[in-house]
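Q: Please pick one part of this model and look at it closely, strand by strand where that helps. Then say how that part relates to the rest of the chain.

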Amino acid sequence: MSINTDHGLPFLPGNTFRDVTKSAFHRPQTLAYKNGYALPRRPAAGIGQAALLSRQLTQNQINELSKETLALTYGSSRYSNSLDFVPAHVALDKKVLRFYAYFQQDVLHSSDEEYRVRPVVIYYYLEDDSMCIIEPMVENSGIPQGKLIQRQRLPKNDRGEHYCWKDLNLGMDLVVYGVVYHITHCDAYTQEFMESEGVIVSDPEPTPVDPYITHRTQPQRSYITPSDFDNLNQFLTMDRKVLRFFALWDNADSLYGETRPVSIQYYLVDDTVEIREVHEPNSGRDPFPVLMRRQRLPKKIKSACESFPSSVLEISPQEVHEYYSPKDFRVGETVTLMGRRFLLHDCDGFTKDYYRKNHPDVDIRPREGPKKDDTSQDRKREVPPYNGFGSLEDSLQNCLSLIPEPPKKDLMKMLENDHKVLRYVAKLDSQNPQDEGRRFILSYFLSNNMICIFEKPTRNSGIIGGKFLEKTRIPKPGCTVDNPEFYSPADFAIGATVDVFCHRFVLTDADHYVLKYLESISDQIPFQTLDSLRQKLGVHPDQGTADSQPGDDEGAESSS
């Protein structure tokens with residue numbers, strides 16, 4: 001069916017009629033497929049290819065329609081501009097109302113009290129209308145206190161309703177899980193919030209005093225003479241108040257004695273003393289926490305009890321004339337406790353304030369404690385004497401560490417002087433006629449300063465030649481075992497005598513390489529050594545030497 005609206009008549013019943021000339025009534029296609037996907041498509045014409053009303057409107061008419069309001073249908077709006085919505089958890093975040101209240105707890109089977117007055121604090125969280133009830137902690141009360149009711153929405157009645165901030169006011173009773181809380185007053189923010197919301201806040205009320213506490217404050221009738229010192233007052237006022245001194249335990253009189261840092265703690269609640277040792281990492285000591293357990297230390301014992309051995313018999317309080325008090329601990333002085341001397345060199349801040357208020361006549365003079373660097377410098381390690389086993393460097397490693405390591409070597413020297421050997425010809429200086437004619441090759445290795453001696457075999461001598469001495473360093477005669485002085489190329493002159501472990505060798509010849517090497521380091525070699533080698537080898541100082549190592553025995557025999 002097509003309705004004709006081109007005559008300007010209002011679109012009301014009776015003013016529309018059917019277009020009898022229209023024969024096409026098919027709907028336009030609004031769905032199409034593209035690349036296998038179904039996509040919507042805006043129709044270009046209406047039903048039966050009729051023109052769309054949106055196509056007939058101009059852009060100005062469309063803009064005017066978007067600005068029109070529905071004032072004719074719904075009436076004019078009260079507010080022209082809509083306000084931004086802010087949720088409650090954002091607007092009322094961290095806004096809490098605080099009320100102060102109390103409740104009475106009945107006490108059964110007690111003749112001293114009938115009920116107790118327990119003050120509480122009620123917190124009301126505006127963001128989710130939850131409440132929390134907390135009782136302030138009182139020391140030594142013996143009653144489980146703290147959070148009585150966790151944060152939650154508290155039920156108001158049996159119909160499922162919950163408490164709201166409008167239901168709270170001063171002077172009212174708040175019934176929560178069978179307990180009646182009477183609200184007395186609130187803080188300034190809570191009162192300002194309630195008044196800004198139009199709630200009339202009642203006048204605050206005082207919190208009643210617990211009758212049992214009032215009864216305890218009244219002095220009881222005593223039929224005996226009271227003591228001069230009140231132990232109960234000392235317990236209530238001095239509980240958890242400790243004087244701490246930093247001291248040094250002088251234990252130098254013992255076998256392996258030393259000075260150890262300790263801390264002396266004096267408990268004011270019962271006049272007891274405890275000594276703790278200050279442990280340092282890697283000190284090698286067992287970490288015992290307490291050097292002396294907490295106890296009262298007697299200062300003066302009655303004269304009638306001094307003859308008894310104190311190490312066997314325990315001292316009773318009747319035998320003690322006076323105990324140690326805070327006046328006996330003076331910073332900067334030495335105090336003797338249980339036969340041990342302790343030097344008090346400092347104390348903490350609370351101890352200084354206590355002496356300044358209660359004992360102004362006691363002079364506190366802090367001293368500087370021993371430094372670790374000073375202690376380490378005073379100690380000198382004494383190396384035990386060499387026992388003759390192994391080399392001196394290997395034996396020294398056993399004294400430096402628990403697990404000995406091989407001694408460090410001069411790697412650069414070994415690389416530079418590798419395969420460099422100074423060879424000398426020597427004979428044995430001995431009173432034995434059988435040793436005449438024995439010839440030796442003394443080799444000095446520059447890489448490790450070691451000496452090796454090889455004996456040349458001689459026919460029909462009856463002595464087997466070969467290695468006479470392994471590679472080792474040979475000390476000079478007259479030097480000590482702890483500070484040895486070893487032979488060097490500067491000591492090997494032609495005609496010089498070398499003492500090798502109670503054997504005397506006389507150098508008779510050397511090869512040309514020895515002279516060339518010593519001339520390269522002539523600033524370190526004595527002139528007599530170089531001159532003896534030049535004379536023996538027949539080399540003038542201005543004449544060069546052959547760069548060769550004597551490896552044959554014939555050259556050594558001809559030079560001799």
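A: Two strands are taken as paired if DSSP finds at least two bridges between them. With that in hand, the part to look at is the hairpin of S18 and S19, which has four residues between its strands. The model is a predicted one, and the values below are computed from it.

In the turn of this hairpin, Asn 449 has a positive phi of about 60 degrees. The two strands, S18 and S19 (residues 450-455), run antiparallel and are joined over six bridges. One point of register is Tyr 444, whose bridge partner in S19 is Ile 451.

S18 covers residues 439-445, and six of these seven residues are buried. The strand has a second neighbour: S17 (residues 421-428) pairs with S18 in the antiparallel sense over seven bridges. There Lys 427 stands opposite Arg 439 of S18. S19 likewise has a further partner, since S19 and S20 are antiparallel over four bridges. Ile 451 faces Thr 472 of S20 in that pairing. Ile 451 thus appears in two pairings, with Tyr 444 and with Thr 472.

How do these strands fit into a sheet, and in what order? The sheet is open and antiparallel, has six strands, and reads S20-S19-S18-S17-S22-S21. Its edges are S20 (466-472) and S21 (497-500), each of which pairs on one side only. From one strand to the next the twist averages 30 degrees. Helix H12 (residues 512-520) packs on this sheet, where it touches S17 and S22 (503-510), and its direction makes about 125 degrees with that of S17.

In a regular strand, side chains alternate between the two faces of the sheet. In soluble globular proteins, nonpolar side chains tend to be buried together. Here the largest nonpolar core has 31 residues, and those touching the most other members are Leu 422, Tyr 424, Ile 451, Ile 453, Phe 492 and Leu 518. At least two residues of this core come from each of S17, S18, S19, S21, S22, H12 and H13. H12 gives the most, with five residues. Both strands of the hairpin are therefore among the contributors.

Phe 492 gives a residue-level view of this core. Beyond its neighbours within four places in sequence, Phe 492 is in contact with Tyr 424, Leu 442, Tyr 444, Ile 451, Tyr 487, Val 498, Leu 507 and Thr 529. The list includes Tyr 444 and Ile 451, the bridge partners named above. Apart from this core lies another one, of 26 residues, among them Leu 97, Ile 133, Leu 170 and Tyr 181.

Charged residues also occur around this part of the sequence. Arg 438 and Asp 435 form a salt bridge, with 3.1 Å from N to O. Is this pair buried or exposed? Arg 438 has a relative accessibility of 16% and counts as buried, because the cut-off is 20%. Asp 435, at 13%, is buried as well. Elsewhere, salt bridges with shared partners join Glu 127, Asp 128 and Arg 151 into one network.

Another arginine, Arg 534, sits in helix H13 (residues 527-537). Arg 534 has a relative accessible area of 13%, so it is buried. Aside from neighbours within four places in sequence, its contacts are Leu 515, Glu 519, Phe 527, Val 539 and Pro 541.

For contrast, take a pair from another region. Asp 128 and Arg 151 form a salt bridge in which the closest N and O atoms are 3.3 Å apart. The two are 23 residues apart, with Asp 128 in the loop between S4 (115-125) and S5 (130-135) and Arg 151 in S6 (residues 146-152). Asp 128 is partly exposed at 35% relative accessible area, and Arg 151 is partly exposed at 39%.

As for the whole, the protein chain has 14 helices and 22 strands. Of its 560 residues, 27% count as buried. The structure holds 26 salt bridges. Among contacts between residues at least 6 apart in sequence, 46% join residues at least 24 apart. The accessible surface is about 40,800 Å², and carbon and sulfur atoms account for 51% of it.

Notes:
Residues numbered from 1 in each chain as written. Predicted model: local features only at pLDDT ≥ 70, side-chain atom pairs only at ≥ 80, totals over all residues. Heavy atoms only, no water. Buried < 20%, exposed > 50% of the residue type's maximum accessible area, 1.4 Å probe, protein only. Contact = heavy atoms within 4.5 Å. Areas by Shrake-Rupley, 256 points an atom, 1.4 Å probe, with all protein chains shown as cover. Salt bridge = Lys/Arg side-chain N within 4 Å of Asp/Glu carboxyl O. Axes fitted to C-alpha atoms, helices over the stretch in contact; angles between N-to-C directions. Core = buried A, V, L, I, M, F, W, Y, C linked by side-chain atoms within 4.5 Å.
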